[in-house]
Amino acid sequence: MLKINPYEKEWQEIRLSEEIVDLYRLDIWAKNFSLMTAGYRGRLNPNDANDPAEEFNSLIIAILGEAKARVFRRKLAHGEQAHVHIGGETRPHTQDFIAILSRVYAAHDIKVHLRAHIKTTPIWYSSFGIFYKEYQSGDNLTASHSPFFKGGWKPMDSAGKQLLAEEEEIISEVKNIVNNQEKISVAPWELKDKIIYDFDVNEAYVKYQQAVITDRSRDYIKKAIEKGFRCAVCTVGGSMKSTTERLFPMLGIPTGEDSVIHYLFGEEDSQYHKLGQKGEKNFGPDPSKQEVYKSIGAQEILLKGKADIVFIWDPDGDRLNIVTITLSEQAEQAKKFGIDVDPCPGTDKAIIYFTPNQLFFMLTAYRINVLKECGLLDAYDWFVTNSISTSRSIAELAAKENISVAQIRVGFKYAGTFCEWLENRTDPDSPFINAIGDKVYIGDKPRALIMCEESGGAIFGGTDLLMNESGSKGLIALREKDGMQLGLMTLALTAYLYNAKRSLSEYYCDLMEKHHIRHRFFDRCDVTLYREDLEDPAKLEKAKSDGISKRDITMHFFKELAEQASAGTPLKEICDVINSKLAKGDRSIPTLKRICNVGEGKQLEGTFMEFDDFWFLIRASGTDALLRYYIEGKDKDETKAYQQSLMNLKI
């Protein structure tokens, strides 16, 4: 086994000998290597960063760094100095992997900028800082909401977006390095003027958020704080506490045990305090999972009046979910609108769990209202961007105000690509072609009302562009999901309702009724393809092979139907094929209005189907061993029945 000391103070050379290639099975790994929805992810050994049996280890990190360094060196102008930022959250070996990447980049004469003052870096902080400081690229070591035994590497471009333009070049370089058994030079850990602890963009970030969160919203927060408003924040042992406890006070929001913001599970933990671990199954520290949001102690905190709302951030801070409280008399109405409610016997209260979709719906309505009050709604061409898997309730709400909605492929990098298209277009009358082929028109003063995806991430844009340090370039919105910004906007909404003595559940139900929203019942069912935590390599390989085979057969079935429809096969025939595969007793699928493949028609991106009263999407997760079945409609029982029918097809 090749043991790499991350902090070696001498120059080193890693040679991919035939023995090393065989031991680490690098030929197989390189052949299958790709950058997925959130970069590269793979299993790691929490107890050994060098373990050759796993696909995320120190040697793999060195190869990834070498491949990316070569690609970005080629992009430099003559005499141009390259700069890269590297950050990461708290999962096992993160700091060691950061050190290895730093040394590989430094060996290529690339200046590496590491976080000043603290170790960890949320993904949005990396994204903002890379763009603001005008570095050519950056990396963040995170697997977001995945279990602790998975590692992740997200490479970013100069705008702070998960890179797309260089993706194929990096994949090609990885294959070259392995296939040619090449050498990787590794600089000393303390190489002077090349590895620098100077990455600090706190003041610039706060200034940016003050431009997005309007004066009126900040006034709501200030007034609520004066009245005694309190918020508990669960950071699941991830990276968010260290950063946000510095930023909140700069925004006039005190933190601390008895203050406005106090933290739960704030101590950084590489295994996330075992949150999401239920028996033998680990669901990961995903704030949108019941296994997490119902087990952090939020209920007791809310019932005892220690907080008015509880936030949950995932380890790298790109997702947010909330738990709150309402009066028992409002709970029944909340249930009718699809809100998850836990009654609290012996009290006049009930615990409310909102989904990210429901939160985004409320934030869209709140932001429309605030922008109207400030006279800003009609001053710009506001738009909504959401992934194809996100609730259509948000689009319905936007349509009432003539706000354009652009549906994008799953993966927040496509939100960044959409913004780039807006920023670079020369003709404001040219349409954007969305994820399922529809044309969307945005005016000549585009501004982001909300950009979101149902898994829990979102960003907002301000009236002014986000400018870099020199003022030479502006962005419509940040290129990564920003849990801090999302938290601030949710804090503003909650404060607004707190001051008016209204609950979030009351607000949500009133909005649904007032705007006659049809898409009320959303569900996503994840089918596990294989257990990623199997310890026996042979059993894992067999389970993985079987799971991928099942995935591909299922995805191909739907993809082929969409292609047949595109070629002219009548939709009735397509529907008949689906119904011919029904399991005994399952409900027949009704008249099909539309079926199409998502994005560029790649099999794993999914297939979308639209009916009179609901829509359905199947796609393979780009981060976990899952098939995802999404559905949303106006009737809860019918929607669930159709979802089960489509999941149970005998394919």
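This section describes the interior, the strand pairing and selected loop residues of a predicted model.

The interior is considered first. The largest nonpolar core comprises 87 residues, and I253, M362 and M484 have the most contacts inside it. Helix α13, which spans residues 356-373, contributes the largest share of this core, with 10 residues. Apart from this core lies another one of 53 residues, including L35, A49, L64 and I98. The surroundings of M362 can be given in detail: when residues up to four places away in sequence are not counted, M362 touches F354, L493, L504, Y507, Y508 and L511.

Helix α16 covers residues 483-499 and contains Q485. Q485 counts as buried because its relative accessibility is 0%, the limit for burial being under 20%. Not counting residues up to four places away in sequence, Q485 touches Y205, Y208, Q209, V212, I213, I459 and F460. By contrast with these contacts, a separation can be stated for Q485 and F148, which are 337 residues apart in sequence and whose C-alpha atoms are 25 Å apart in space.

Helix α5, formed by residues 123-133, is likewise mostly covered, with 9 of its 11 residues buried. The buried residues of α5 are I123, W124, Y125, S126, S127, F128, G129, I130 and F131. E134 follows α5 and has a positive phi, near 65 degrees.

Strand β5 occupies residues 137-141, and 5 of its 5 residues are buried, so the strand is largely enclosed by the rest of the structure. In a regular strand, side chains alternate between the two faces of the sheet. In β5, S137, D139 and L141 point one way, whereas G138 and N140 point the other way, and all are buried. Two pairings of this strand were identified. With β3, strand β5 runs parallel, and the two are joined by 5 bridges. With β6, which consists of residues 150-156, β5 pairs in the antiparallel sense over 3 bridges. G138 of β5 takes part in the register on both sides: H85 stands opposite G138, and G138 in turn stands opposite M156 in β6.

Empty space within the model was examined next. Rolling a probe the size of a water molecule over the atoms shows where empty space is left. The structure holds 5 cavities of 30 Å³ or more, and the largest cavity has a volume of about 70 Å³. The lining of the largest cavity is made up of K68, A69, F72, R73, L76, A82, H83, V84, Y105, I110, Q136 and S137. Helix α3 (58-75) and strand β3 (82-88) each supply at least two residues of this lining. The largest share, 4 residues, comes from α3. By residue class, the lining of the largest cavity divides into 7 nonpolar, 3 polar and 2 charged residues. S137, a lining residue of the largest cavity, is also one of the buried residues of β5.

Three loop residues complete the description. Q181 lies in the loop between α6 (167-179) and β7 (183-186). Its phi is near 50 degrees, a positive value in a residue other than glycine. With a relative accessibility of 32%, Q181 counts as partly exposed. N402 is placed in the loop between α14 (393-400) and β18 (404-408). The phi of N402 is near 60 degrees, again a positive value in a residue other than glycine. N402 counts as exposed because its relative accessibility is 73%, the limit for exposure being over 50%.

T463 is found in the loop between β22 (457-459) and β23 (466-467). This residue is buried, with a relative accessible area of 17%. Leaving aside neighbours within four places in sequence, T463 is in contact with A211, L376, Y380, W382 and R447. The C-alpha atoms of T463 and K227 are separated by 30 Å, and these two residues lie 236 residues apart along the chain.

Conventions. Residues are numbered from 1 along each chain as its sequence is written. This is a predicted model: local features need pLDDT of at least 70, side-chain atom pairs count only at pLDDT 80 or more; totals for chains, interfaces and linings use all residues. Side-chain values use heavy atoms; hydrogens and water are left out. A nonpolar core is a set of buried Ala, Val, Leu, Ile, Met, Phe, Trp, Tyr and Cys residues joined through side-chain atoms within 4.5 Å. Buried means under 20% relative accessible area, exposed over 50%, partly exposed in between (1.4 Å probe, protein chains only). Contact means heavy atoms within 4.5 Å. On a 1 Å grid over the protein atoms alone, a cavity is a set of points where a 1.4 Å probe fits but cannot get out, and a pocket is an open set with protein on both sides within 12 Å along at least five of seven lines; lining residues have an atom within 4 Å of a point. Grid points are joined across faces, edges and corners, and a volume is the space filled by probe spheres set on the points. Ala, Val, Leu, Ile, Met, Phe, Trp, Tyr, Cys and Pro count as nonpolar, Asp, Glu, Lys and Arg as charged, and the others, Gly among them, as polar. Two strands pair if DSSP finds at least two bridges between them.
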